[in-house]
Amino acid sequence: MNAVLAAFPRRSLVLKPGRGALGGWLLGLGALVLFGGFLALLAVEVVPEIRDDFAVRETARPAPGARIVEGRCRSRLFLMQSCDVTIAWRGKDGGGTRKLSYLFVEPHMGSWNAQPMADPQRPELVTTDLGLDRLWNRVGTAIGGAVFAVALIVGVMIGARRTQSARGQLKALSGRVLEPVPVRFRGWGEGPSWIVQDDRGATAEWPVRKSDKPFVLDEARGLVLALRDPAGGPAFPLDEKLRLVTLSPEERARILAARGAAAG
(Lines give C-alpha, C1' and ligand atoms only; values in the text may rest on other atoms or scores of the structure.)
Protein backbone atom coordinates (compact mmCIF):
# COMPACT_ATOMS: atom_id res chain seq x y z
CA MET A 1 0.00 0.00 0.00
CA ASN A 2 2.77 2.45 0.89
CA ALA A 3 4.46 1.79 -2.45
CA VAL A 4 1.31 2.84 -4.30
CA LEU A 5 1.02 6.02 -2.27
CA ALA A 6 4.71 6.82 -2.87
CA ALA A 7 4.33 6.26 -6.63
CA PHE A 8 1.70 8.96 -6.94
CA PRO A 9 2.91 12.24 -8.47
CA ARG A 10 3.12 15.30 -6.20
CA ARG A 11 1.75 17.92 -8.57
CA SER A 12 -1.52 19.62 -9.35
CA LEU A 13 -4.03 17.08 -10.63
CA VAL A 14 -7.19 17.41 -12.66
CA LEU A 15 -10.03 15.24 -11.41
CA LYS A 16 -12.92 13.90 -13.45
CA PRO A 17 -16.46 13.19 -12.24
CA GLY A 18 -17.42 9.54 -12.08
CA ARG A 19 -20.87 10.38 -13.35
CA GLY A 20 -22.12 13.69 -14.68
CA ALA A 21 -25.10 15.57 -13.30
CA LEU A 22 -26.75 15.91 -16.72
CA GLY A 23 -27.88 12.29 -16.77
CA GLY A 24 -29.43 12.70 -13.33
CA TRP A 25 -31.33 15.81 -14.35
CA LEU A 26 -32.54 14.12 -17.54
CA LEU A 27 -33.68 11.14 -15.48
CA GLY A 28 -35.44 13.52 -13.12
CA LEU A 29 -37.15 15.23 -16.06
CA GLY A 30 -38.23 11.86 -17.41
CA ALA A 31 -39.60 10.86 -14.00
CA LEU A 32 -41.43 14.19 -13.76
CA VAL A 33 -43.04 13.71 -17.17
CA LEU A 34 -43.91 10.04 -16.65
CA PHE A 35 -45.12 10.08 -13.08
CA GLY A 36 -46.44 13.62 -13.37
CA GLY A 37 -48.65 12.27 -16.14
CA PHE A 38 -49.78 9.49 -13.81
CA LEU A 39 -50.66 12.05 -11.13
CA ALA A 40 -52.59 14.05 -13.74
CA LEU A 41 -54.49 10.88 -14.69
CA LEU A 42 -55.42 10.36 -11.05
CA ALA A 43 -56.57 13.96 -10.65
CA VAL A 44 -58.53 14.19 -13.90
CA GLU A 45 -60.09 10.72 -14.22
CA VAL A 46 -59.66 8.40 -11.26
CA VAL A 47 -60.40 10.72 -8.33
CA PRO A 48 -63.58 12.28 -9.83
CA GLU A 49 -64.93 8.81 -10.62
CA ILE A 50 -64.25 7.67 -7.05
CA ARG A 51 -66.04 10.80 -5.78
CA ASP A 52 -69.07 10.06 -7.97
CA ASP A 53 -69.20 6.43 -6.85
CA PHE A 54 -69.21 7.52 -3.21
CA ALA A 55 -72.13 9.81 -4.05
CA VAL A 56 -74.29 6.95 -5.40
CA ARG A 57 -73.02 3.88 -3.56
CA GLU A 58 -75.98 3.81 -1.13
CA THR A 59 -78.65 4.36 -3.76
CA ALA A 60 -77.20 2.59 -6.80
CA ARG A 61 -79.17 -0.33 -8.18
CA PRO A 62 -79.03 -2.41 -11.37
CA ALA A 63 -79.71 -0.18 -14.37
CA PRO A 64 -81.73 -2.06 -17.00
CA GLY A 65 -81.52 0.92 -19.34
CA ALA A 66 -77.72 0.81 -19.40
CA ARG A 67 -75.30 -1.56 -21.05
CA ILE A 68 -71.56 -1.97 -21.26
CA VAL A 69 -70.55 -1.32 -24.85
CA GLU A 70 -66.81 -1.72 -24.28
CA GLY A 71 -64.72 -3.10 -21.47
CA ARG A 72 -61.15 -4.22 -21.02
CA CYS A 73 -58.97 -5.03 -18.02
CA ARG A 74 -55.20 -5.31 -17.91
CA SER A 75 -53.11 -6.98 -15.23
CA ARG A 76 -49.66 -5.69 -14.26
CA LEU A 77 -47.35 -7.61 -11.96
CA PHE A 78 -50.25 -9.98 -11.20
CA LEU A 79 -51.68 -7.66 -8.51
CA MET A 80 -52.18 -4.26 -10.18
CA GLN A 81 -55.37 -4.21 -12.23
CA SER A 82 -56.62 -1.46 -14.53
CA CYS A 83 -60.00 -1.57 -16.24
CA ASP A 84 -61.51 0.73 -18.84
CA VAL A 85 -65.29 0.55 -19.23
CA THR A 86 -67.66 2.42 -21.53
CA ILE A 87 -71.34 2.44 -20.57
CA ALA A 88 -74.22 3.57 -22.73
CA TRP A 89 -77.45 4.44 -20.92
CA ARG A 90 -80.90 5.70 -21.80
CA GLY A 91 -83.58 7.09 -19.54
CA LYS A 92 -86.77 9.10 -19.67
CA ASP A 93 -84.79 12.31 -20.08
CA GLY A 94 -82.51 10.98 -22.80
CA GLY A 95 -79.29 9.03 -22.78
CA GLY A 96 -75.56 9.20 -23.14
CA THR A 97 -72.32 7.37 -22.63
CA ARG A 98 -69.79 7.40 -19.86
CA LYS A 99 -66.20 6.15 -19.83
CA LEU A 100 -64.78 4.87 -16.54
CA SER A 101 -61.26 3.89 -15.52
CA TYR A 102 -60.59 1.69 -12.50
CA LEU A 103 -57.29 1.05 -10.72
CA PHE A 104 -57.24 -1.50 -7.92
CA VAL A 105 -55.00 -4.09 -6.31
CA GLU A 106 -56.24 -7.66 -6.47
CA PRO A 107 -54.76 -11.00 -7.55
CA HIS A 108 -55.51 -11.73 -11.17
CA MET A 109 -57.72 -14.79 -11.07
CA GLY A 110 -59.30 -14.53 -14.50
CA SER A 111 -61.88 -12.31 -16.18
CA TRP A 112 -64.11 -9.89 -14.31
CA ASN A 113 -67.81 -9.41 -14.89
CA ALA A 114 -69.48 -6.03 -14.53
CA GLN A 115 -73.09 -4.93 -14.32
CA PRO A 116 -74.23 -1.34 -14.88
CA MET A 117 -75.49 0.36 -11.72
CA ALA A 118 -77.10 3.76 -11.30
CA ASP A 119 -79.03 6.00 -8.94
CA PRO A 120 -82.43 6.54 -10.63
CA GLN A 121 -82.30 10.18 -9.58
CA ARG A 122 -78.86 10.68 -11.12
CA PRO A 123 -78.61 8.39 -14.14
CA GLU A 124 -75.70 10.40 -15.56
CA LEU A 125 -73.52 8.96 -12.75
CA VAL A 126 -73.99 5.45 -14.09
CA THR A 127 -71.32 3.09 -12.79
CA THR A 128 -70.73 -0.65 -12.34
CA ASP A 129 -70.84 -3.14 -9.50
CA LEU A 130 -67.19 -3.89 -10.32
CA GLY A 131 -66.23 -0.35 -9.33
CA LEU A 132 -68.58 -0.09 -6.35
CA ASP A 133 -67.45 -3.39 -4.84
CA ARG A 134 -63.83 -2.22 -4.97
CA LEU A 135 -64.44 1.37 -3.98
CA TRP A 136 -62.19 1.44 -0.90
CA ASN A 137 -59.63 -0.66 -2.76
CA ARG A 138 -59.58 2.00 -5.47
CA VAL A 139 -59.15 4.73 -2.85
CA GLY A 140 -56.18 2.96 -1.30
CA THR A 141 -54.66 2.25 -4.72
CA ALA A 142 -54.99 5.89 -5.78
CA ILE A 143 -53.41 7.16 -2.55
CA GLY A 144 -50.62 4.59 -2.69
CA GLY A 145 -49.94 5.34 -6.36
CA ALA A 146 -49.83 9.09 -5.72
CA VAL A 147 -47.45 8.71 -2.76
CA PHE A 148 -45.20 6.39 -4.76
CA ALA A 149 -45.11 8.73 -7.76
CA VAL A 150 -44.34 11.81 -5.65
CA ALA A 151 -41.68 9.95 -3.64
CA LEU A 152 -40.02 8.70 -6.82
CA ILE A 153 -39.98 12.15 -8.43
CA VAL A 154 -38.58 13.75 -5.27
CA GLY A 155 -36.01 10.98 -4.84
CA VAL A 156 -34.71 11.30 -8.39
CA MET A 157 -34.52 15.09 -8.08
CA ILE A 158 -32.66 14.84 -4.77
CA GLY A 159 -30.23 12.37 -6.36
CA ALA A 160 -29.60 14.76 -9.24
CA ARG A 161 -29.08 17.62 -6.78
CA ARG A 162 -26.56 15.56 -4.81
CA THR A 163 -24.70 14.74 -8.00
CA GLN A 164 -24.58 18.43 -8.86
CA SER A 165 -23.28 19.24 -5.37
CA ALA A 166 -20.59 16.53 -5.60
CA ARG A 167 -19.52 17.95 -8.95
CA GLY A 168 -19.03 21.33 -7.28
CA GLN A 169 -16.86 19.77 -4.58
CA LEU A 170 -14.83 17.97 -7.24
CA LYS A 171 -14.32 21.19 -9.18
CA ALA A 172 -13.00 22.84 -6.01
CA LEU A 173 -10.48 20.01 -5.52
CA SER A 174 -9.37 19.78 -9.13
CA GLY A 175 -6.19 21.62 -10.11
CA ARG A 176 -4.62 21.41 -6.64
CA VAL A 177 -1.66 19.42 -5.34
CA LEU A 178 -3.41 16.50 -3.68
CA GLU A 179 -2.08 13.78 -1.44
CA PRO A 180 -2.93 10.10 -1.97
CA VAL A 181 -4.50 8.57 1.13
CA PRO A 182 -6.13 5.27 2.05
CA VAL A 183 -9.81 5.56 2.96
CA ARG A 184 -12.30 2.96 4.12
CA PHE A 185 -14.85 1.90 1.55
CA ARG A 186 -18.27 1.99 3.22
CA GLY A 187 -20.25 0.61 0.32
CA TRP A 188 -22.48 1.71 -2.51
CA GLY A 189 -25.08 4.44 -2.24
CA GLU A 190 -28.00 5.25 -4.47
CA GLY A 191 -27.48 6.65 -7.89
CA PRO A 192 -25.06 4.73 -7.81
CA SER A 193 -22.33 6.25 -5.67
CA TRP A 194 -19.37 5.31 -3.47
CA ILE A 195 -19.39 6.09 0.23
CA VAL A 196 -15.93 6.40 1.82
CA GLN A 197 -14.60 7.34 5.27
CA ASP A 198 -11.18 8.85 5.90
CA ASP A 199 -8.85 8.42 8.87
CA ARG A 200 -10.46 11.42 10.55
CA GLY A 201 -13.86 9.77 10.53
CA ALA A 202 -15.32 12.08 7.87
CA THR A 203 -17.52 10.42 5.26
CA ALA A 204 -18.10 11.48 1.68
CA GLU A 205 -20.32 10.19 -1.10
CA TRP A 206 -19.35 10.47 -4.77
CA PRO A 207 -21.45 9.54 -7.83
CA VAL A 208 -19.96 6.88 -10.11
CA ARG A 209 -21.03 4.60 -12.92
CA LYS A 210 -22.30 1.11 -12.17
CA SER A 211 -19.32 -0.37 -14.01
CA ASP A 212 -16.74 1.52 -11.91
CA LYS A 213 -14.76 -0.31 -9.25
CA PRO A 214 -12.63 1.39 -6.57
CA PHE A 215 -8.83 1.18 -6.55
CA VAL A 216 -8.31 -1.34 -3.76
CA LEU A 217 -5.25 -0.92 -1.52
CA ASP A 218 -6.05 -3.45 1.20
CA GLU A 219 -9.03 -5.69 0.58
CA ALA A 220 -8.96 -7.28 4.02
CA ARG A 221 -9.23 -3.90 5.73
CA GLY A 222 -11.55 -2.42 3.13
CA LEU A 223 -9.13 0.36 2.15
CA VAL A 224 -9.21 2.07 -1.24
CA LEU A 225 -7.11 4.81 -2.83
CA ALA A 226 -8.30 8.41 -2.65
CA LEU A 227 -6.97 11.92 -3.17
CA ARG A 228 -7.36 14.69 -0.61
CA ASP A 229 -6.27 18.26 -0.09
CA PRO A 230 -3.47 18.20 2.53
CA ALA A 231 -5.27 21.07 4.28
CA GLY A 232 -8.34 18.88 4.82
CA GLY A 233 -11.71 18.37 3.21
CA PRO A 234 -13.41 15.43 1.52
CA ALA A 235 -11.38 12.54 0.10
CA PHE A 236 -12.10 11.67 -3.53
CA PRO A 237 -11.80 7.90 -4.24
CA LEU A 238 -10.19 6.72 -7.46
CA ASP A 239 -11.28 3.89 -9.70
CA GLU A 240 -9.13 0.85 -10.41
CA LYS A 241 -8.33 2.10 -13.94
CA LEU A 242 -7.39 5.57 -12.68
CA ARG A 243 -9.93 7.03 -15.08
CA LEU A 244 -11.02 9.71 -12.61
CA VAL A 245 -7.69 11.57 -12.53
CA THR A 246 -5.56 12.95 -15.35
CA LEU A 247 -2.17 11.18 -15.35
CA SER A 248 0.56 10.74 -17.91
CA PRO A 249 1.04 7.21 -19.28
CA GLU A 250 4.28 6.94 -17.30
CA GLU A 251 2.63 8.00 -14.04
CA ARG A 252 -0.25 5.61 -14.51
CA ALA A 253 2.09 2.74 -15.35
CA ARG A 254 4.22 3.47 -12.26
CA ILE A 255 1.21 3.42 -9.93
CA LEU A 256 -0.20 0.22 -11.43
CA ALA A 257 3.23 -1.42 -11.26
CA ALA A 258 3.50 -0.50 -7.58
CA ARG A 259 0.11 -2.08 -6.92
CA GLY A 260 1.12 -5.22 -8.81
CA ALA A 261 4.36 -5.49 -6.84
CA ALA A 262 2.50 -5.03 -3.57
CA ALA A 263 -0.02 -7.72 -4.52
CA GLY A 264 2.76 -10.11 -5.52
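The following dialogue looks at how some labels given to this predicted model are justified.

Student: What should I know before reading the labels?

Tutor: This is a predicted model, in which local features need pLDDT of at least 70 and side-chain atom pairs count only at pLDDT 80 or more, while totals for chains, interfaces and linings use all residues. Residues are numbered from 1 along each chain as its sequence is written, and side-chain values use heavy atoms, with hydrogens and water left out.

Student: Why is Ser-82 called buried?

Tutor: Buried means under 20% relative accessible area, exposed means over 50%, and partly exposed lies in between, with a 1.4 Å probe and protein chains only. Ser-82 has a relative accessibility of 11%, and therefore counts as buried. This residue is found in strand 4, residues 80–91, where a strand is a DSSP run of E with at least two residues, a helix is a run of H or I with at least four, and both are numbered from the N terminus.

Student: What makes the pairing of Ser-82 with Arg-76 a polar contact?

Tutor: A polar contact is a pair of N or O atoms within 3.5 Å; within protein, one must be able to donate a hydrogen and the other to accept it, and residues adjacent in sequence count only if both atoms are side-chain atoms. The side chains of Ser-82 and Arg-76 make such a contact at 2.7 Å, so the distance fits the cut-off.

Student: How do you know that Arg-228 and Asp-199 form a salt bridge?

Tutor: A salt bridge requires a side-chain nitrogen of Lys or Arg within 4 Å of a carboxyl oxygen of Asp or Glu. The closest N and O atoms of Arg-228 and Asp-199 are 3.2 Å apart, so the pair qualifies. Arg-228 lies in strand 13 and Asp-199 in the loop between strand 10 (193–197) and strand 11, so the pair ties together parts that are 29 residues apart in sequence. Arg-228 is buried because its relative accessible area is 4%, whereas Asp-199 counts as exposed because its relative accessibility is 62%. These two residues also belong to a network of salt bridges that links Glu-179, Asp-198, Asp-199 and Arg-228, and a search of the whole structure finds 15 salt bridges.

Student: Why is Arg-209 called partly exposed, and what does this residue pair with?

Tutor: Arg-209 has 37% relative accessibility, which lies between the limits for buried and exposed, and so counts as partly exposed. Arg-209 forms a salt bridge with Asp-212, the closest N and O atoms being 3.4 Å apart, and Asp-212 counts as buried because its relative accessibility is 4%.

Student: What makes a set of residues a nonpolar core, and which members of the largest one touch the most others?

Tutor: A nonpolar core is a set of buried Ala, Val, Leu, Ile, Met, Phe, Trp, Tyr and Cys residues joined through side-chain atoms within 4.5 Å. The largest has 30 residues, of which Leu-225 and Leu-238 touch the most other members. Strand 13 gives the most to this core, with four residues. A second, separate core of 13 residues includes Ala-63, Ala-66, Phe-104 and Ala-118.

Student: Why is Val-105 called partly exposed?

Tutor: Val-105, which lies in strand 5 (residues 94–105), has 38% relative accessibility, and so falls between the limits for buried and exposed.
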